Amino acid sequence: MRIIIVGCGKIGRKLVAELSEENHDITIIDINQQIVEATAIKYDVMGIEGNGTSYKVLESADIEHADILIAVTHSDEVNLLCCLIAKNPRCMTIARVRNPIYLAEQEKFRQQLGISVIINSERAAAVEIKRLLQYPSAIDINSFSRGSIDMLTFKVKEGSFFDGRKLSEATELQKYQILVCVVERGNEIVIPNGDYVIMKGDKISFISRSGEAGKIFKAIGVYSDSAKSVLIIGCGQLGYYTAEKLIEAGVYVKIIESDRKRCEEIAELLPKATVVCGDGSDQNILAEEHLENMEAVVASTNMDEENIILSLYAKGKVKKKIITKISHLGFSEVIGSLDLDSVINPKDITAEYILKYVRERSNKKKGSNIQTLYRLKENRVEAIEFLVSGDSELIGPTFSMLNFKPNVLVAAIIRGGELIIPGGSDSFMEGDSVIVATTNKGYQSLEDIVERQAVH
């Protein structure tokens, strides 16, 4: 597809990095000439210095033949105006919008201005935080089949259910519909089989029906029910959206914010929250506010370093969950080496949301049967949801008859709304949604997961 990306900040560069690997025809636009040149050379894409709100600039990017325009500059107004100018029946438009005023009018923007997608980074991140606080044992959660199936990741503790056990020996879990599909051990990523032995410190990802995770975590001895009290340190837009969603869910929320004017605003906007004006990085204030009595902490100041230190300090003092906001998209190895619970990056979440939309449009245009695609574990794992079409050559043979490629696992089949954890006697049927986990890259159809000569 022909894609124009306006804005080469952190989100824009991540989008270029991902989409350029997927053989799209990409043009980038930014007012900073140095960034445009460096990005264009690094990813071998077309670069244009200029303002994306200028029709002449968009025209030089061949807007008339573009399939998608993505506006992710630092200005909401620029992003909205770019999409308005680019509006035509052929071109889908995506705008990153952060101001809550504009967010409240997003339906009007869609209907009257023709903007296809409006995404707010902080609000999207707040939704993820709420989900993680619902299942405090989980490090990460991804959803498939319109939210009916979840892939959850957690860390194996010493002496816990999985520690030192083969997956095939986990017979106690047979009454649950669950399949372990990815294991992360240090820098190694494995698509495991039944003989794989889980060890303490492993991060394992499993598929289950949405809403069943609590029972499964309880069965394996790492269960924590949802957090009922949450301390939010730093209340910018992310802190505000998070507090709003938690209060709606009946959670007690305490906020520590250093800016007095912001505290007054938050107290007025969120009367059910307890708002404390003070420095959340001050140990004395944390002690005065009884950090140890809170079930969860969200460190969401404007400084990554402060959030990391706060999270490490709260480790062992908070009962259920610590969530750390990180703004930088780099340094993943350093951050991964720290003993942090769950890390949330609003920019990364925004980029992934946009990538998901672009991939869905691209697959539809190409006639691909991919419904959902996630790139996980620093892009080393793909979790793909395929729709089985009536003319698929994989319909009929049982799994035992198919020769699946190495590092491929059919993790789940959704048939008529029911979840099936497949075995050797199962087979694909028309209309099935199939979730596949693999460390291989570039699969475009379900048929790609098997060796061609094995298809009957």
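Visitor: Which residue caps the N-terminal end of helix H14?

Guide: In this predicted model, helix H14 covers residues 346–366. A side-chain oxygen lies 3.0 Å from the backbone nitrogen of lysine 347, and the residue that supplies this oxygen, and so caps the N-terminal end of H14 within the 3.5 Å limit for a polar contact, is asparagine 345.

Visitor: How far apart are the end C-alpha atoms of helix H14?

Guide: Helix H14 has 21 residues, and at 1.5 Å a residue these should span 30 Å. The buried residues of H14 include Ile349, Leu355, Tyr357 and Val358, and also Glu352 and Arg359. The distance between the end C-alpha atoms of H14 agrees with the expected span, for it is 30 Å.

Visitor: How many residues does the largest nonpolar core hold, and which of its members touch the most other members?

Guide: In soluble globular proteins, nonpolar side chains tend to be buried together. Phenylalanine 162, for its part, touches Phe154, Val156, Leu167, Ala170, Leu173, Val180, Ile198, Ile204 and Ile220, leaving aside residues up to four places away in sequence. Apart from the largest core lies another core, of 25 residues, with Ile11, Val36, Ala40 and Met92 among them. The largest core holds 53 residues, and the members that touch the most others are Phe154, Phe162, Phe217, Val230 and Ile255.

Visitor: How many disulfides does the structure hold?

Guide: A disulfide needs two cysteine sulfur atoms within 2.5 Å, and the sulfur of cysteine 82 is 6.7 Å from the closest cysteine sulfur, that of cysteine 83, which is too far for a bond. Both of these residues are buried, cysteine 82 at 0% relative accessibility and cysteine 83 at 1%. For the structure, the number of disulfides is zero.

Visitor: Is isoleucine 323 buried or exposed?

Guide: Isoleucine 323 is found in strand E18, which covers residues 321–325. Leaving aside residues up to four places away in sequence, isoleucine 323 touches Ile129, Leu132, Leu133, Val297, Val298, Ala299, Ser311, Ser342 and Ile344. Its relative accessibility is 1%, and because the cut-off is under 20%, isoleucine 323 counts as buried.

Visitor: With which residue does the side chain of serine 392 make a polar contact?

Guide: Serine 392 has its place in the loop between strand E21 (381–387) and strand E22 (408–415), and with a relative accessible area of 9% it is buried. The partner, whose side chain the side chain of serine 392 contacts at 2.5 Å, is glutamate 447.

Visitor: What is the phi of arginine 146?

Guide: Most residues other than glycine have a negative phi. Aspartate 62, in the loop between helix H3 (55–60) and strand E4 (68–71), has a positive phi of about 65° although it is not a glycine. Arginine 146, in the loop between strand E7 (140–144) and strand E8 (149–155), counts as exposed at 90% relative accessibility. Its phi is also positive, with a value near 55°.

Visitor: What radius of gyration does the chain have?

Guide: The chain has 14 helices and 24 strands, and its C-alpha trace spans about 65 × 60 × 35 Å along its principal axes. Of its 456 residues, 53% count as buried. A compact globule with 456 residues would have a radius of gyration near 23 Å, and the chain agrees with this, having a value of 23 Å.

Technical notes:
Residues are numbered from 1 along each chain as its sequence is written. This is a predicted model: local features need pLDDT of at least 70, side-chain atom pairs count only at pLDDT 80 or more; totals for chains, interfaces and linings use all residues. Side-chain values use heavy atoms; hydrogens and water are left out. Helices (H or I, at least four residues) and strands (E, at least two) are DSSP runs, numbered from the N terminus. The expected span of a helix is 1.5 Å times one less than its number of residues. Buried means under 20% relative accessible area, exposed over 50%, partly exposed in between (1.4 Å probe, protein chains only). A polar contact is a pair of N or O atoms within 3.5 Å; within protein, one must be able to donate a hydrogen and the other to accept it, and residues adjacent in sequence count only if both atoms are side-chain atoms. A nonpolar core is a set of buried Ala, Val, Leu, Ile, Met, Phe, Trp, Tyr and Cys residues joined through side-chain atoms within 4.5 Å. Contact means heavy atoms within 4.5 Å. The radius of gyration is taken over C-alpha atoms; the globule rule is 2.2 Å times the number of residues to the power 0.38.
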